[in-house]
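User: Hello! I am new to this structure and would love a close look at how its side chains meet one another, starting with the aromatic rings and going on to the charged groups. Could you walk me through that part in one connected answer?

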Amino acid sequence: MSSRFRFGTRELPLDTPQVMGILNVTPDSFSDGGQLYQGGRVALDDVLRRASAMVEAGATLLDVGGESTRPGADPVSEQQELDRVVPVVEALSAEFDVVVSVDTSTASVIQHSAAVGAGLINDVRALQRHGALEAAAATGLPVCLMHMQGQPRNMQDAPEYRDVVTQVAEFLEQRMQACTNVGIDATQLILDPGFGFGKTLEHNLLLLQRLDQLQCLGAPLLVGISRKSMIGAVLDKEVDERLYGSLAAAALALVKGAWILRVHDVAATQDVAKVCQAVMRADV
Ligand SMILES: Nc1nc2[nH]c(S[C@@H](C(=O)O)c3ccccc3)nc2c(=O)[nH]1
């Protein structure tokens, strides 16, 4: 694997952990109560303020999502998603020297976001929606493929696996193949086990414990555990009290091979990343 990963016009070093700041522009993003979305529209000045703080704190990627994937969430219309996401991707790309990632499963959102400067397609459905594979291939952008069992409206009803780590790996390998079949080079792919997406607490804990097993797929790993219910379940704590637990998970993910951490708390996670990096890099 070459030492740098290309995101459109930008590159990031693969030998250094990267922190991706989360900018959920949905009315019900669970972790920040939808503060970036007020009175039925995106509060762009608040988004830019939040983004500026994240970049200042060391985020090298910002992830913009306009479709809530909360368990039980109703799908958002294509136009609604376009209206929420594209202006934000455009403004962030113009304002900050970071990789702007678009968190979408929708072909038209992929196309329009790439046209206004997105550097990464982050799809929680691994490009399975109609037209998504072709749209992603046409952009020439890298893609993060994430595992989800079922759909947000039913994924947490009764998640079941024979062997969760093996099955997640098999799914991701199949989706990598689907991407290379349409001309997306394997070196443009990032993989993500999808913590909380169709998994019980036990499944999530096993996926983190054995994250290193996904390295055999030969692609960089992205992990999103920040403030998620798996942390809440272990600690019996609400969303706004899950920082310490999220940082513990971040450290474990890095030690077990994660490259990108998708988080709400960038500054704290950056410190964890630097200490983990120093320890892992120490040599005789
Ligand atoms: N690649 C990748 N993309 C992601 N998008 C999300 S949305 C999730 C959140 O916690 O932000 C979420 C869940 C429920 C409600 C709002 C937001 N999670 C991931 C992830 O784990 N990996």
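Analyst: Here is a walk through the side-chain contacts, followed by two surface patches and a few backbone details.

Please keep in mind that this is a predicted model.

Let us begin with the aromatic rings. A pair of aromatic rings is described by the distance of the centres and the angle of the planes. Three aromatic pairs are present in the structure. One of them joins F5 and F7, with 4.8 Å centre to centre and 50° between the planes, and this pair is tilted. Both of these residues, F5 and F7, are buried. F7 also pairs with W259: the ring centres are 6.1 Å apart and the planes stand at 25°, so this pair is stacked. The cut-off behind that word is that planes under 30 degrees apart count as stacked. F7 belongs to strand 1 (residues 4-7), while W259 sits in the loop between helix 8 (243-255) and strand 12 (260-263), so their pair ties together parts that are 252 residues apart in sequence. Like F7, W259 is buried. Taken together, F5, F7 and W259 make up one aromatic cluster.

Now for the charged side chains. The structure has eleven salt bridges. One of them is between D15 and R281, whose side chains meet at 3.5 Å, N to O. D15 is in the loop between strand 2 (10-13) and strand 3 (18-24), and R281 is in helix 9 (residues 266-281), so this salt bridge ties together parts that are 266 residues apart in sequence. D15 has a relative accessible area of 46%, so it is partly exposed.

A salt bridge also links R125 and E67, at 3.2 Å from N to O. Here R125 comes from the loop between strand 8 (120-123) and helix 4 (132-139), and E67 comes from the loop between strand 6 (61-65) and helix 2 (78-95), so parts that are 58 residues apart in sequence are tied together. Both partners of this bridge, R125 and E67, are buried.

Next come D265 and R227, which form a salt bridge of 2.9 Å, N to O. D265 is placed in the loop between strand 12 and helix 9, and R227 in the loop between strand 11 (222-223) and helix 7, so the pair ties together parts that are 38 residues apart in sequence. Why do D265 and R227 count as buried? D265 has a relative accessible area of 18%, and R227 has one of 17%; buried means under 20%. Elsewhere, D45, D46 and R49 are joined into one network by salt bridges that share partners.

From these contacts we can turn to the surface. D236, E238, D240 and E241 form a negative patch there. D236 is located in the loop between helix 7 (229-235) and helix 8. With 71% relative accessibility, D236 counts as exposed. The backbone of D236 deserves a glance too: its phi is near 55°, a positive value in a residue other than glycine.

A nonpolar patch is also found on the surface, made of L201, L205, V234 and L235, which together have about 300 Å² of accessible area. Helix 6 (201-209) and helix 7 each contribute at least two residues to this patch. Among its members, L201 is in helix 6. L201 counts as partly exposed, at 33% relative accessibility.

Positive phi appears at A126 as well, with a value of about 55° although this residue is not a glycine. A126 is in the loop between strand 8 and helix 4. A relative accessible area of 0% makes A126 a buried residue.

One more stop is E11, which lies in strand 2. E11 is partly exposed, and its relative accessible area is 39%. The C-alpha atoms of E11 and V98 are 9.6 Å apart, while the two residues are separated by 87 residues along the chain.

To gather up the main threads: F5, F7 and W259 form one aromatic cluster, the D15 and R281 salt bridge ties together parts that are 266 residues apart in sequence, and the surface carries a negative patch as well as a nonpolar one.

Notes: Residues numbered from 1 in each chain as written. Predicted model: local features only at pLDDT ≥ 70, side-chain atom pairs only at ≥ 80, totals over all residues. Heavy atoms only, no water. Phe/Tyr/Trp six-rings, centres within 6.5 Å; stacked < 30°, edge-to-face > 60°. Buried < 20%, exposed > 50% of the residue type's maximum accessible area, 1.4 Å probe, protein only. Helix = DSSP H or I, 4+ residues; strand = E, 2+ residues; numbered from the N terminus. Patch = residues over 30% accessible without salt bridge, like charges linked within 9 Å, V, L, I, M, F, W, Y side chains within 5 Å. Areas by Shrake-Rupley, 256 points an atom, 1.4 Å probe, with all protein chains shown as cover. Salt bridge = Lys/Arg side-chain N within 4 Å of Asp/Glu carboxyl O. Lys, Arg positive; Asp, Glu negative; His and termini not counted. Charge placed at Lys NZ, Arg CZ, Asp CG, Glu CD.
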